[in-house]
Amino acid sequence: MGLLSTEVEVGLTGSNIKYYEDLGYEIPRYFNKANNREMVKRGTKIKIKVKDLMPQSMVKVDVDCD
C-alpha cells in the first residue's frame, strides 16, 4: 500500500490558519479598511503536503491498495 497523493488542497478556516502559517505556508491575506486589519477571504484554499495535514483532518488522499 502506498500514498499516491503528495499534495492536497485544503480550505482555510479560523481554526487552521495559524497551524499552517506556523508550518511555513504562505496565507493569502487582504487588508480590510472597514475593520482596519488583515483578513483571509472566506473560501480561500491552499496546497499543502499530505504529511502536514492536521491530525483531525477529513481531507481524502489517494492511496494504492493491494
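Where is Asn 16 found? Asn 16 sits in the loop between β2 and α1, and the legends below start with the whole chain before visiting this loop and others. This is a predicted model, in which local features need pLDDT of at least 70, side-chain atom pairs count only at pLDDT 80 or more, and totals for chains, interfaces and linings use all residues. Residues are numbered from 1 along each chain as its sequence is written, and side-chain values use heavy atoms, with hydrogens and water left out.

**View 1. The whole protein chain, from end to end.** One helix and six strands make up the secondary structure of the protein chain, in the order β-β-α-β-β-β-β from the N terminus. The radius of gyration is 15 Å, well over the 11 Å that the globule rule gives for 66 residues, so the protein chain is more spread out than a compact globule. Here helices (H or I, at least four residues) and strands (E, at least two) are DSSP runs, numbered from the N terminus. The radius of gyration is taken over C-alpha atoms, and the globule rule is 2.2 Å times the number of residues to the power 0.38. Along the principal axes, the C-alpha atoms fill a box of roughly 55 × 20 × 20 Å. Of the 66 residues, 27% count as buried; buried means under 20% relative accessible area, exposed over 50%, and partly exposed in between (1.4 Å probe, protein chains only).

**View 2. The largest nonpolar core.** A nonpolar core is a set of buried Ala, Val, Leu, Ile, Met, Phe, Trp, Tyr and Cys residues joined through side-chain atoms within 4.5 Å. The largest one here has 13 residues, and those touching the most other members are Val 10, Leu 12, Tyr 20, Ile 27, Ile 46, Ile 48 and Leu 53. At least two residues of this core come from each of β2 (7-11), α1 (17-22) and β5 (45-49). Leaving aside neighbours within four places in sequence, Ile 27 is in contact (heavy atoms within 4.5 Å) with Leu 12, Ile 17, Tyr 20, Glu 21, Val 40 and Ile 46.

**View 3. Leu 12 and Asn 16, in the loop between β2 and α1.** Leu 12 is found in this loop and is buried, with a relative accessible area of 10%. Not counting residues up to four places away in sequence, Leu 12 touches Ile 17, Tyr 20, Ile 27, Pro 28, Val 40, Thr 44 and Ile 46. Val 40 is 28 residues away from Leu 12 along the chain, and their C-alpha atoms are separated by 8.1 Å. Asn 16 is buried too, with a relative accessible area of 7%. Outside the residues up to four places away in sequence, Asn 16 touches Gly 11 and Met 54.

**View 4. Asn 36, in the loop between β3 and β4.** Follow the chain to the loop between β3 (30-32) and β4 (37-39) to find Asn 36. Most residues other than glycine have a negative phi. Phi of Asn 36, however, is positive, near 60°. Asn 36 counts as exposed, at 58% relative accessibility.

**View 5. Asp 62, in the loop between β5 and β6.** Asp 62 has its place in the loop that leads from β5 to β6 (63-64). Its partners, not counting residues up to four places away in sequence, are Gly 2, Leu 3, Leu 4 and Ser 5. Between the C-alpha atoms of Asp 62 and Val 40, 22 residues apart along the chain, the separation is 28 Å.
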